[in-house]
Amino acid sequence: TSPAAMPSGTAATVVAFLAVATSAAVLAPARPHALLHPMLITSARRSGSPVCTATLATGTMPIVHLVALGCPKNTVDAEVMLGDLQRRGARISASVEGADVIIVNTCAFVEDAKAESIEAIVTAAALKADREVPAKALFVTGCLAQRYAQELADELPEVDAVVGFERYAELPDKIFALFDGGADEGTAVLVGSPTVPFRSEVDRWQLTPSHSAYMRVAEGCDHECTFCAIPGFRGKFRSKPFDVLVAEAERLVERGVRELNLIAEDTNQYGSDFGPDDTRRLPALLHALAALPKLRWIRLLYCYPSYFSEELIQTIASVDKVVKYIDIPLQHLSPTVLARMRRPGAAGTDSILRRLREAVPGLVLRTTFICGFPGETDEEHEELVRRARDLGFARGGAFAYSQEDGTVAASMEEQIDENLKQDRRDELSALFQEQSRAWAEAQLGKTINVMVDRMEGNDAIGRTEFDAPDIDNTVRIPEMPLLPGTVVPVKVVAV
């Protein structure tokens, strides 16, 4: 919706209050931690929960509830799964109450995320036994399932199946098989390879607001960061075919999506694996998406601190629909720590950030940092804080390093004390909060475009183009009923 579609006379008089995010959020739980430990399951389990093998009544359609955990890539996976089920006749429910089938789509990126996933599984398992009309089936999907399938099956017999990425298409068959013969004995483990060919991601049951969607442009990673195990369970880097992506975007926009948030492990690496016969890369994709008339915003998330060609930088600068906001997780800024992490060097990062800011006036950068990487000295941490302040990131998040089994960093000497890691994280989080507020206060009196996300009473709640969904600042437009997805110019009058 354009400002011209608003009630007459409102565009010039709309005022708004810009709310700074209450904490320096991390776009997604950042990296996995240690081998799945039985204590995680033991501490989460409800005592005395028996295994239930109830079956669905023949001829009925199951009611499915999905618990969505983890990053936007997991969200897309969940949306595709639910779309598969809905087309088979299943009813999708936002409430667990009354659900016949519960799917827990798990995250395995850090210890807290693992614990949250285990807690969700155990809670769902209890419903199979505790309700008067218990849930009939419990399925576990997501990164925890891909990475720790057998451990989950061994420790949680209440789970009917642990399903990995390659076997997601089989989920409807597995669920509907319960109609005929009930649950199998034991937990089925359906995992397969982590390097999975792309399935169609067009026909989804959208979990995000109808006007804003995540669009996965690539999957997997070929980098060898010493703290990260993602290639082991998300597979090798592979780009989604160009024409498939454009068709997916067209369908999403037809359904009412007005903001596309592009995601991958390394979004700006898109197309690098196409080979010499196909030279289309991210700039070509951005131009193709910008040609969709009803699409308003295109956002780049999860960019790697390389792959910023001059063509890409100029495309970001010149294409109006590409918002002037880029998410680039840098992980650290000390050259010595970056070397131990096997990350791009600080000098190269400085050059990229300088080129981006010179070409894109007013560019807002978001980043994330790891605090307490093995061997991180006080001086290295102080350098990180100082350089983060000097570089002036208006958005950012910090997290404490977690040991990742199977990675080089997990076996490094000089692991940092947990309390010290948390203290360093808190210091960086406070800095990001300070810088985010400073940016917001600098907008006072300015007129900026806001996309409405929802209504709260008579107030419209939205975001500027410089704020990603769920993690950044919000804008309140008082006494102004507007449809979600509407983009309206507002004057910022308070922070």
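# A walk through two parallel sheets

Let me begin with a single residue, isoleucine 298, which is buried, its relative accessible area being 0%. Since buried here means under 20% relative accessible area, this residue clearly belongs in that class. I should say at once that we are looking at a predicted model, and I will keep that in mind as I go on.

Where does isoleucine 298 sit? Its place is in strand E12, and if you leave aside residues up to four places away in sequence, it touches Leu260, Leu262, Leu286, Leu289, Ala290, Lys321, Val322 and Val323. One of these, leucine 286, is 12 residues away along the chain, and the C-alpha atoms of the two are separated by 7.8 Å. Another, leucine 260, is the bridge partner of isoleucine 298, and this belongs to the pairing of E11 with E12, which is parallel and runs over 4 bridges.

Now let me step back to the whole chain for a moment. It has 14 helices and 19 strands, and of its 495 residues, 59% count as buried. If you take the contacts in the chain with a separation of 6 or more, residues 24 or more positions apart account for 80% of them.

Let us return to strand E12 and ask which sheet it belongs to. The answer is an open sheet of 6 strands, in the order E8-E11-E12-E13-E14-E15, with parallel pairing. Strands E8 and E15 are at its edges, each of them pairing on one side only, and neighbouring strands of this sheet are turned against each other by 20 degrees on average, if direction is ignored. As a reminder for those new to the subject, strands of a sheet pair through backbone hydrogen bonds, and they may do so in a parallel or an antiparallel way.

Within this sheet, I would like you to look at strand E14, residues 364–371, where 8 of the 8 residues are buried, so that the strand is largely enclosed by the rest of the structure. Both of its faces are covered, with Val364, Arg366, Thr368 and Ile370 buried on one side, and Leu365, Thr367, Phe369 and Cys371 buried on the other. Strand E14 runs parallel to E13, to which it is joined by 3 bridges, and here aspartate 327 has arginine 366 of E14 as its bridge partner. Strand E14 also runs parallel to strand E15, residues 395–400, and 6 bridges join these two; in this pairing cysteine 371 stands opposite alanine 400 of E15.

Two helices come next, beginning with H9, whose buried residues are Leu282, Pro283, Leu285, Leu286, Leu289 and Ala290. These cover an arc of only 160 degrees around the axis, which puts them on the same side of H9. They pack against strand E8, helix H8, strand E11, strand E12, helix H10 and strand E13.

Helix H10, residues 310–318, has Leu312, Ile313, Thr315 and Ile316 as its buried residues. Seen down the axis of H10, these fall within an arc of 160 degrees, so they line one face of the helix. On the other side of H10, Glu311 and Ser318 are exposed. What do the buried residues of H10 pack against? Their partners are helix H9, strand E12, strand E13 and helix H12.

The next part of the model is another open sheet of 6 strands, with the order E3-E2-E4-E5-E6-E7 and parallel pairing. Strands E3 and E7 stand at the edges, each with a single partner strand, so one side of each is left without a neighbour in the sheet. Helix H2, residues 72–87, packs on this sheet, where it touches E2, E3, E4 and E5, and its direction makes about 155 degrees with that of E4. Helix H3, residues 111–130, packs on the sheet as well, touching E2, E4 and E5, and its direction makes about 170 degrees with that of E4.

I will finish with a pair of helices, H13 and H14, which pack at an angle of about 10 degrees with their axes 10 Å apart. Angles under 35 degrees count as roughly parallel, and H13 and H14 are therefore roughly parallel to each other. Their contact involves several residues, including Leu384 and Val385 of H13 and Leu428 and Leu431 of H14. By class, it has 5 nonpolar, 2 polar and 5 charged residues.

Methods
Residues numbered from 1 in each chain as written. Predicted model: local features only at pLDDT ≥ 70, side-chain atom pairs only at ≥ 80, totals over all residues. Heavy atoms only, no water. Buried < 20%, exposed > 50% of the residue type's maximum accessible area, 1.4 Å probe, protein only. Arc of directions from axis to C-beta. Contact = heavy atoms within 4.5 Å. Pairing = 2+ DSSP bridges. Axes fitted to C-alpha atoms, helices over the stretch in contact; angles between N-to-C directions. Parallel < 35°, antiparallel > 145°, perpendicular 65-115°, else oblique. Nonpolar A, V, L, I, M, F, W, Y, C, P; charged D, E, K, R; others polar.
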